[in-house]
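Reader: I'd like a close look at one part of this model, the way its helices pack. Could you walk me through that?

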Amino acid sequence: MIRQTTRDERFLEMAKEHGFDIYDENAAGGHYAPLLRHDDELYVSGLVPRMNGKIQYPGRVGLELNLADAQEAASISAIRGLALIREAVGSLDNVKALLRVTVYVKSTFDFVDLSEVANGASDVFTHVLGEAGKHTRTTVGVYQLPKNAPVEVDMIAALHPSIS
C-alpha cells in the first residue's frame, strides 16, 4: 500500500524544489499585516516572488520575461502565501478551501497570456491542497508592481471551523 503524502509534505517538497526557505521569506515590507484572520477566513496580502531578500525574475512579462519565467514567479508567490497560512494555523491540513486568488501581472500592453501566468500559482495551490486548492481567480495586467516584481498574488482561504 502506498502512503499518501500530506499537504504539508507536498508543500515542503515543492518549496525545496524552488529553493524557498519557508522560515525566512514572509516579513511584511511595510505598515500592514501579511495575513489577517477573521473568524474562519484568512486574508493574505499580495505577495511578490521574493527569495533571500531579492525579487526573483524582476521585469516586465513580454519584454524582459517570457511566459515560463512569469509562471515560475507566480509559483514562488503562491508558495509564500501557503507558508504564511501554514505558519498561522500550524498545518495546511487545516485549510478547508482556497476561496479566492487574484494575480497581478506586470506586462507589456500586447501580452495577452495573463491567465497562463496565473496558472503558475494555481498549479501550486491544487498540487499542495488538492480539492481544497480549487479556487475562484481574477488575473489583472498592470503597469507596475512593488520592487520591479513581475507578479503579485493575494488570496482568501477558509479554515475548518474547529481550528483555533
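To start somewhere concrete: which residues in H1 meet which residues in H2?

Author: Happy to, with the reminder that this is a predicted model. On the H1 side you have Asp 8, Phe 11, Leu 12, Met 14 and Ala 15, and they meet Ile 79, Leu 82, Ala 83 and Arg 86 in H2. Sort that contact by residue type and you get 7 nonpolar, no polar and 2 charged. As for geometry, H1 and H2 pack at an angle of about 140°, with their axes 11 Å apart. Angles over 145 degrees would count as roughly antiparallel, so H1 is oblique to H2. The crossing of H1 past H2 is left-handed.

Now bring in H3. H1 packs against H3 at about 140°, with the axes 8 Å apart, which makes H1 oblique to H3. Here Arg 7, Arg 10, Phe 11 and Met 14 of H1 meet Val 124, His 127, Val 128 and Leu 129 of H3. That contact splits into 5 nonpolar, 1 polar and 2 charged residues. Notice that Phe 11 and Met 14 turn up in the contact with H2 and again in the one with H3.

That leaves H2 with H3. Their axes are 7 Å apart and the angle is about 40°, so this pair is oblique too. H2 passes H3 in a right-handed crossing. From H2 come Leu 67, Ala 70, Gln 71, Ala 74, Ser 75, Ala 78, Ile 79 and Leu 82, while H3 offers Glu 116, Val 117, Gly 120, Ala 121, Val 124, Phe 125, Val 128 and Leu 129. The residues of this contact divide into 12 nonpolar, 3 polar and 1 charged.

How does that tie into the nonpolar core? The largest one has 45 residues, and Ile 85 and Phe 125 touch the most other members. H1, H2 and H3 each supply at least two of its residues, as do strands S2, S5 and S7. H2 gives the largest share, 11 residues. In soluble globular proteins, nonpolar side chains tend to be buried together.

Phe 125 is a nice place to finish. Skipping its neighbours within four places in sequence, Phe 125 is in contact with Ala 78, Leu 82, Leu 98, Val 101, Gly 130, Gly 133, His 135, Val 153 and Met 155. Two of those partners, Ala 78 and Leu 82, are residues you've already met on the H2 side of the contact with H3.

Terms used
Residues are numbered from 1 along each chain as its sequence is written. This is a predicted model: local features need pLDDT of at least 70, side-chain atom pairs count only at pLDDT 80 or more; totals for chains, interfaces and linings use all residues. Side-chain values use heavy atoms; hydrogens and water are left out. A nonpolar core is a set of buried Ala, Val, Leu, Ile, Met, Phe, Trp, Tyr and Cys residues joined through side-chain atoms within 4.5 Å. Buried means under 20% relative accessible area, exposed over 50%, partly exposed in between (1.4 Å probe, protein chains only). Helices (H or I, at least four residues) and strands (E, at least two) are DSSP runs, numbered from the N terminus. Contact means heavy atoms within 4.5 Å. Axes are lines fitted to C-alpha atoms, for helices over the stretch in contact, and angles run from 0 to 180 degrees between N-to-C directions. Angles under 35 degrees count as roughly parallel, over 145 as roughly antiparallel, 65 to 115 as roughly perpendicular and the rest as oblique. A crossing is left-handed if the near helix is turned anticlockwise from the far one by less than a right angle, and right-handed if clockwise. Ala, Val, Leu, Ile, Met, Phe, Trp, Tyr, Cys and Pro count as nonpolar, Asp, Glu, Lys and Arg as charged, and the others, Gly among them, as polar.
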